[in-house]
Amino acid sequence: MRKPWNLPELPVYSLATYHEGVVNMNICTYVTAVSLDPKIMMVAVYKNTKTLENILSSDTAILQILHKEQAPLARILGKKSGITYNKFQYLNKKNMLTEWKNFPVLKDACAYIELEKLSFLKTGDHNSYFFTVKNAVSRREEVLTTQDLRNLTIIS
């Protein structure tokens, strides 16, 4: 039996962070809305990552809700480190990027949420970042979930 916190099916997101015009993307599932008005999202960012480096130097990020068809990206965005692997180069070469609000984002994601950094807390092996939602758009349904990744044996 899975641990209690692994029982719920959670949406799978990718947080796009930017530094000097280059995007890095990761996989995150520790994401939740924490305020309705203003709309504030919390995203837990793993320590010692390129995503964390980028977030420290930028106030803007794009949270992307992944579509079921994007499940294979979990291997690249979630299991490879942006510190040692150029995810932007890979995604660009595979023609998987488009632009939204003048930022590179994944083509065919279910939704894009433009975030502005508000504050953070150091919390265990992740830092919990709080962001104000600046813009958001939904484009597709059929959200990728952690159960989908389990079914495909991408995660256990």
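**Exercise 1.** In this predicted model, find which side chain shares a polar contact with that of Ser128, and say whether Ser128 is buried or exposed.

*Solution.*
- Start with the side chains: those of Ser128 and Thr123 are joined by a polar contact of 3.0 Å.
- Next, place the residue: Ser128 belongs to strand β9, which covers residues 126-138.
- Now look around it. Setting aside residues up to four places away in sequence, Ser128 touches Met42, Val43, Ala44, Ser119, Phe120, Leu121 and Thr123.
- Finally, check accessibility. Ser128 has 11% relative accessibility, and buried means under 20%, so Ser128 counts as buried.

**Exercise 2.** Work out whether Asn54 is buried or exposed, and name the residues it contacts beyond its sequence neighbours.

*Solution.*
- Locate Asn54 in helix α1.
- Its relative accessibility is 2%, so Asn54 counts as buried.
- Then list its partners: leaving out neighbours within four places in sequence, Asn54 contacts Thr17, Tyr18, His19 and Asn24.

**Exercise 3.** Describe the largest pocket: how much space does it hold, and which elements and kinds of residue line it?

*Solution.*
- Begin with the volume, which is about 780 Å³.
- Move to the lining: it has 31 residues, and Ile27, Cys28, Thr29, Gly78 and His126 are the closest to the pocket's centre.
- Sort by element. Two or more lining residues come from each of β4 (40-46), α1 (50-57), α2 (73-79) and α4 (146-151). Of these, α2 gives the most, with four residues.
- Sort by kind, and you get 14 nonpolar, 12 polar and five charged residues in the lining.

Definitions and conventions: Residues numbered from 1 in each chain as written. Predicted model: local features only at pLDDT ≥ 70, side-chain atom pairs only at ≥ 80, totals over all residues. Heavy atoms only, no water. 1 Å grid on protein atoms, 1.4 Å probe; cavity = no way out; pocket = protein on both sides within 12 Å on 5 of 7 lines; lining within 4 Å. Points joined across faces, edges and corners; volume = space filled by probe spheres on them. Nonpolar A, V, L, I, M, F, W, Y, C, P; charged D, E, K, R; others polar. Buried < 20%, exposed > 50% of the residue type's maximum accessible area, 1.4 Å probe, protein only. Contact = heavy atoms within 4.5 Å. Polar contact = N/O pair within 3.5 Å; in protein donor to acceptor, adjacent residues only side chain to side chain.
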